[in-house]
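The exercises below ask for a careful reading of a two-chain structure, and each is followed by a solution worked out in steps. Please try each task on the structure before reading on.

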Amino acid sequence: MRAKKEVSRRSRSILVKLILAMMLLSIISVAIILSVALNEQRQIIESNLIEENKRVTEVAARSIEAGYITQSLPFRTLSQINASEEVLFWWIVNPEGKIYLADNPAMCGKRVSSLPIEAGKTVVKDYVYGGEDVKLLIQPLAIGEPGKVEALCIGISLKLVREAANKMVLNGMLYFFAIAGLACLLSLFLARRFTEPITQLVVETKAISRGEFDHRVAIKTGDEIEGLGDSFNEMAQRVKSAIEKERAARRETENIMNTMINTLILVGPDGRIVKTNKATLDLLGYSVAELIGMPFDKIIGPRDKEGGEIELEKLIKEAADSVVNFETTYIAKDGREIPVNFSASVMRDEKGKLQGLVCDAGDITERKKAEEERQKYMAELERFNRLAVGREMVVIELKQEVNRLSARLDEKPPYDLSFVDATILKKIKDSDRRVY
Amino acid sequence: MVVVSLIVVGAWASYAHKKKDGGVLSPELPEEQPKKGMLISVGCGWSDNNDEGKAVEEAVSSVRTQLGAKSPEFAIFFSTVGYDSNKVLSAVNSLLPDVQVYGGTSCLAVQTKEGFHVGEKGSLALLAVASKNISFGVGGASIDDFPSAREAGKAAIQAAIDAAGEKGVPKLVLMTGSVGHEEELLAGIEEEIGKDVPVLGGSAGDNDITGEWKQFANDDVYSNGISLTAIYTDFKIGWAYEAGYLRSENRGTVTRAEGRIIYEIDNLPAAEVYNDWTGGAVSEELENGGSVLGKATFYPLAKIIKKEGTEYTLSIHPLSINATDHSLEVFANVEEGDEVMLMHGNWELLLNRALTTPTKALESESLSKEGVSFGIYTYCAGTMLALPEDERPKMPVLIKTAIGDAPFIGTFTFGEQGHIRGVGNVHGNLVNSMVVFTEKAA
């Protein structure tokens, strides 16, 4: 249950992160696109406004020039221009920059600084009028004294541009929020679609980690995730097979261990018994639970620790040695000392790190008894042999003596003693010394 | 979200911010002071203060400031009827003792080179002159005190000449008359000084043609009178008197008229003829009768005056139509046999007169605007009212364009008097006139 919750929490976290990332990306994209589009649109509107009013200014200028000749200034035209919401004012300025005629007579007599008047060309200049940013269109007039250019200045309000821009921004914001909302929903949908297989993978991986190797994912996204799902299923199948093989191998090993006549004890690096086989339990009389974890020292070696003691600690510490066919004893649960033929070898992992000792021991109680019997028998036999051999040696010695005497007599030795070599002669002498 | 906010705000900021390299307007140019040691010194002031006394004080104060130590001998004073005429004239006389005052009431506004002045209650303008080279004589008369307007005119010009203390006929006469008597008054004046002396001016106006107009002559205020100024000088005085309308092909002969009512033109009812000529502009009034004053501003009639092969036009403003007999009342006397023509125009044309007429005034005596000492501008109130309200303030600007920075005083009148060379002095409507004074010897 807890694991399920954990999986759910993590998948939610991925989902949330993904949604946030997609939303952020969408919102940033939309914001940038809208910002650029709005700016472009504003510039277009402003440019159109200026171009349109440039033409108006030119027409007005031509009317003024015509009216100058007939002394009839085009006030109606100028009034119509002034009635336009875009036009804030108009001035007629002399070459010194002094306004001498204006829509607002109060402006007459004032001077305009930095007024770029260029013959034959309408100049557009940014201007501040009454605290408002305006575009000043400066149209030269072919009136007045020759060589001195007067100008018609028309102030164009950017209020409409601003209003249009504000409206666009407002609409843009509405679009922005609508698109952002849509992007959120889409992000949610896509993120869910994207994370669903991942969530499934996580759940199934957890199941497999719990040992439920029959779990498989069914992802049909047609993309890399589906590939990942397939790989996962393949991997799960392989893991299952591998584990089954391992289990089989383990079972086989255990079977082998338990079938072994010899005892087998696996001792950990700390000197405690890690694993054992049935023969050990049978021999020592312990149960598995009793034996596992028990210090190996407790069951190995003679009680008096004199002779037959293996240097287990040294073996473990140095981990560089092994013991083969060493006769010692195991101490059974009931305290009996059981002679065993002990072999041990150091077990290392692939990196060479000590993992423990594998101790193999065979019960040699019967062999020991048989040996004792044999030794008794051998002693008897030797004693008898010594008696028999001694007499034979005496005979051989006598024959040798006869042969030596015959030789002294230059007679042919009567006894063939060629089978007697130096060893036998030495034994004869020795047995002679022991027997006699 | 922070990132998004920054992006949005950043985009908005970059979008909204644009660097400006705008120029600036310099402070208004300082008022030019009159040049010292000139032969003609002029002071001009105006006010639209609601208090008559303070208004006059303000105007007189400006005058004194400009005149400095000079004492004026003569003042032209125009005021709207919003002020009590007696109070303001009394105040002027009080503040400018021993100064002859000529003037009258103006319709709605007065103007100076400083602007078109319309007050909440009223407005007034005062122009005072100090010059040993010009003799001014102000004379006035109440028509009611004489058997006829002609006699009143005659008496007034005699008084003016006497006040000037000069002998012979004046060089020019300024006139502020009374509506309905202009021709008679002119006849009386001409009886004294002949037809060759230009008489320029206008009939005093009020705000709504209710007869509140007044004429000022020194300390006299007339309701139905005349105020004249006889001017003697060796300096050139330029002047122009014109209507400035465009002629049309429509013309006819008055076949029946009486005083200021035209009954028939070419033996047809005058109003019907006028309506035909204007393309049905007064059809409604033809049927129901009533004032055509506003519409007729752009379609005046003009008396055709022929003299030595030259055809002059004297515009006449149609006032109303009588629905019963389809007669046409006008603002000037018309006689049987007078040839009349339909004129036409628009407000632009009427506004441009503020430029063309002063220019012509200069041209009349080959004067330059730099030499102008002061000017007197008379503009028909009807044409002023025909201008869009926000265009009216351009008049003084145009006048300044024509005559430069010289001070001038302007009034809006109900009929204008002027001179046609070789014909004499006439009374017309919808006309404007400009008189400019210089130090240039004749």
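Two residues are taken to be in contact if their C-beta atoms, placed from the backbone, lie within 7 Å. The model is predicted, and the values below are computed from it.

**Exercise 1. Compare how chain A and chain B are built, using their secondary structure, their buried residues and the sequence separation of their contacts.**

Solution. Begin with the elements: chain A has nine helices and 10 strands, while chain B has 11 helices and 27 strands. Next take burial, for which a residue needs 20 or more other C-beta atoms within 10 Å of its own. Of the 436 residues in chain A, 23% are buried, whereas in chain B the buried share is 58% of 442 residues. Finally, consider contacts between residues at least 6 apart in sequence: in chain A, 48% of these join residues at least 24 apart, and in chain B the corresponding figure is 79%.

**Exercise 2. Describe helix α4 of chain A, and determine which of its residues are buried, what helps to cover them and how the covering helix is oriented.**

Solution. Helix α4(A) runs over residues 224–259, and its 36 residues reach 50 Å from the first C-alpha to the last, close to the 52 Å expected at 1.5 Å a residue. Turning to burial, A:I225, A:G229, A:F232 and A:A236 are buried in this helix, and what covers the buried residues of α4(A) includes α3 (159–209) of chain A.

The orientation follows from the axes of α3(A) and α4(A), which come within 11 Å and cross at roughly 10 degrees. Because angles under 35 degrees count as roughly parallel, α3(A) is roughly parallel to α4(A). On the α3(A) side the contact is made by A:P197, A:L201, A:E204 and A:I208, and on the α4(A) side by A:I225, A:L228, A:G229, A:F232, A:A236 and A:V239. By class, the residues of this contact divide into eight nonpolar, one polar and one charged.

**Exercise 3. Two helix pairs of chain B, α2 with α3 and α4 with α5, are to be described by angle, axis distance, handedness and residue classes.**

Solution. Two packed helices are described by the angle between their axes and the distance between the axes, and these quantities are taken up before the residues.

For the α2/α3 pair, the axes of α2(B) (residues 52–67) and α3(B) (residues 85–95) come within 9 Å and cross at roughly 40 degrees. That angle makes α2(B) oblique to α3(B), and their crossing is right-handed. The residues that meet are B:E52, B:G53, B:A55, B:V56, B:E57 and B:V60 in α2(B) and B:K87, B:V88, B:A91, B:V92 and B:L95 in α3(B). Sorted by class, they comprise seven nonpolar, one polar and three charged residues.

For the α4/α5 pair, α4(B) (residues 149–164) and α5(B) (residues 182–193) pack at an angle of about 45 degrees, with their axes 6 Å apart. These two helices are therefore oblique to each other, and the crossing of α4(B) and α5(B) is right-handed. Residues making the contact include B:A149, B:A152, B:I157 and B:Q158 of α4(B) as well as B:L185, B:G188, B:I189 and B:I193 of α5(B). The contact of α4(B) with α5(B) has eight nonpolar, three polar and six charged residues.

**Exercise 4. Locate B:N218 and B:E308, and state the phi and the exposure of each.**

Solution. The background is that most residues other than glycine have a negative phi. B:N218 lies in the loop between β10 (215–217) and β11 (220–222) of chain B, and its phi is near 55 degrees, a positive value in a residue other than glycine. Because B:N218 has 19 C-beta neighbours inside 10 Å, it counts as partly exposed.

B:E308 is found in the loop between β18 (301–307) and β19 (310–316) of chain B, and its phi, near 45 degrees, is likewise positive in a residue other than glycine. With 6 C-beta neighbours inside 10 Å, B:E308 counts as exposed.

**Exercise 5. Is B:A402 buried or exposed, and which residues does B:A402 touch?**

Solution. B:A402 lies in helix α11 (residues 394–403) of chain B, and it counts as buried because it has 25 C-beta neighbours inside 10 Å. Leaving aside residues up to four places away in sequence, B:A402 touches B:L355, B:P358, B:T359, B:L362 and B:K369. For B:P358, which is 44 residues from B:A402 along the chain, the C-alpha atoms of the two are separated by 6.0 Å.

Conventions. Residues numbered from 1 in each chain as written. Chains lettered and ligands numbered in written order. Predicted model: local features only at pLDDT ≥ 70, side-chain atom pairs only at ≥ 80, totals over all residues. Helix = DSSP H or I, 4+ residues; strand = E, 2+ residues; numbered from the N terminus. Expected span 1.5 Å × (residues − 1). Buried ≥ 20, exposed ≤ 12 C-beta atoms within 10 Å, placed from the backbone. Axes fitted to C-alpha atoms, helices over the stretch in contact; angles between N-to-C directions. Parallel < 35°, antiparallel > 145°, perpendicular 65-115°, else oblique. Left-handed = near helix turned anticlockwise from the far one by under 90°. Nonpolar A, V, L, I, M, F, W, Y, C, P; charged D, E, K, R; others polar.
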